[in-house]
Amino acid sequence: MNTMNELTLNSPLDMHLHLRDEEMLKLVTPLTAETFAGAVIMPNLVPPVDSLRALEEYRYRITEAQGDHVFNPYMTAFFRNYTEDELADLKYEMLGIKLYPAGATTNSEAGVKAIDAVEPTFKMMEEMGIPLMVHGETHGFVMDREKEFLESYEYLAKKFPKLQITMEHITTADAVELLGRYENLRATVTLQHLIITLDDVAGGMLNPHLFCKPIAKRPEDREALLQAALDAHPSLMFGSDSAPHPLSKKECCGCAAGVFTAPLAIARLAQLFDAHGKLGNLQAFISDNAQRLYRITPPEKKVVVRKQAFEVPAAYQGHGQHVVPMHAGEILDWAVTSVS
Ligand code: DOR
Ligand code: ZN
């Protein structure tokens, strides 16, 4: 039943997620696995997940941590120059390869220093049908990093027209505009970038729990991202970029980048789409577009969201970890009420 106060989502997907490892993995994996049918797992561990063996072992640790929840981790490998044999082995075990410019964000030191030095790998990925996922930021001025990177996206989209390229966590109106121009470009967008601007991070008292990379931008950027999401732009997918860091790494001098949204993402998105009269488009944004663009069929999972109060916990704790979510302690208007 889809009334104005209730919606059933089929197999919601989070197309960009950080689960970390060890004790943090044990705490956060169930918080996604309980409400999502699948998620694309980022490979920026230390050391990065950049071999078949590391990828399979990481997947095993995730499936151990998810418990009984019906949930498919879609694995990714950390971009480096791979051989054709390595790519052939990886291809059926992962969804794609994630490229980080060296030093652009958390645990990306092993990333790419010069795009043109790795083109042979792009060529093989194109020929083998392996998607490329990209953290698209230069090392320029912080507010301009994504905008400056757009020419690299355009270069890649033209030079490798069959390579499927995902612009991860876009944050600007310019990126939305580019998205519509190339068939082989798609994008993810986070929850926080649909809601906040730089003002929420640093315009008043500094809020470390909203600090992430790419940083939230201007009101007109948020507006363009929100319109594209609400309209269920066919090349746009939900990817939370939920990135947990321990409290001690967030509330300190030298705060780590990352916003933890996984446990409240579905409820908050329902509230957002409802507030704009667009609940009917949430299914496409949170699952159908991703299924079509990546040709994946996630496990069946029905997630009911209802217009009722949901108090976001002040923190998620366990396994010796303590993580503060976005909207900590606030009351949302929508809640996930059942999963089957
Ligand atoms: O804010 C971020 N946190 N952006 C990223 O690209 C990486 C992520 C993390 O791993 O913490
Ligand atoms: Zn990320």
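In this predicted model, the zinc ion (ligand 2) is coordinated by three residues, H16 and H18, each through NE2, and D241 through OD, at 2.0 to 2.1 Å. Along the sequence, the donor residues of this ion follow the spacing H-x1-H-x222-D. Of the two histidine donors, H16 has a relative accessibility of 0% and therefore counts as buried, buried being defined as under 20% relative accessible area. H18, at 6% relative accessibility, falls under that cut-off as well and so is likewise counted as buried.

The second site considered here is that of ligand 1, which sits in the largest cavity. The ligand is surrounded by 14 residues, of which R20, N44, K213, H245 and A257 are the closest. By residue class, this shell comprises eight polar, three nonpolar and three charged residues.

Polar atoms of both side chains and backbone approach the ligand. On the side-chain side, a polar atom of H135 is placed 3.2 Å from an oxygen atom of ligand 1. From the backbone, a polar atom of A257, one of the closest residues of the shell, lies 2.9 Å from a nitrogen atom of the ligand, whereas a polar backbone atom of G258 is found 3.3 Å from an oxygen atom of ligand 1. Of the 290 Å² of accessible area that ligand 1 has on its own, the protein covers 100%.

How values were computed
Residues are numbered from 1 along each chain as its sequence is written. Chains are lettered from A and ligands numbered from 1 in the order in which they are written. This is a predicted model: local features need pLDDT of at least 70, side-chain atom pairs count only at pLDDT 80 or more; totals for chains, interfaces and linings use all residues. Side-chain values use heavy atoms; hydrogens and water are left out. Donors are N, O and S atoms within 2.8 Å of the metal (3.2 Å for Na, K and Ca); water is not among the atoms, so sites may look incomplete. Buried means under 20% relative accessible area, exposed over 50%, partly exposed in between (1.4 Å probe, protein chains only). A residue is near a molecule or strand if one of its heavy atoms lies within 4 Å of it. A polar contact is a pair of N or O atoms within 3.5 Å; within protein, one must be able to donate a hydrogen and the other to accept it, and residues adjacent in sequence count only if both atoms are side-chain atoms. Accessible areas come from the Shrake-Rupley method with a 1.4 Å probe; for residues, only the protein chains shown count as cover. On a 1 Å grid over the protein atoms alone, a cavity is a set of points where a 1.4 Å probe fits but cannot get out, and a pocket is an open set with protein on both sides within 12 Å along at least five of seven lines; lining residues have an atom within 4 Å of a point. A molecule sits in a cavity or pocket if more than half of its atoms lie within 2 Å of its grid points. Ala, Val, Leu, Ile, Met, Phe, Trp, Tyr, Cys and Pro count as nonpolar, Asp, Glu, Lys and Arg as charged, and the others, Gly among them, as polar.
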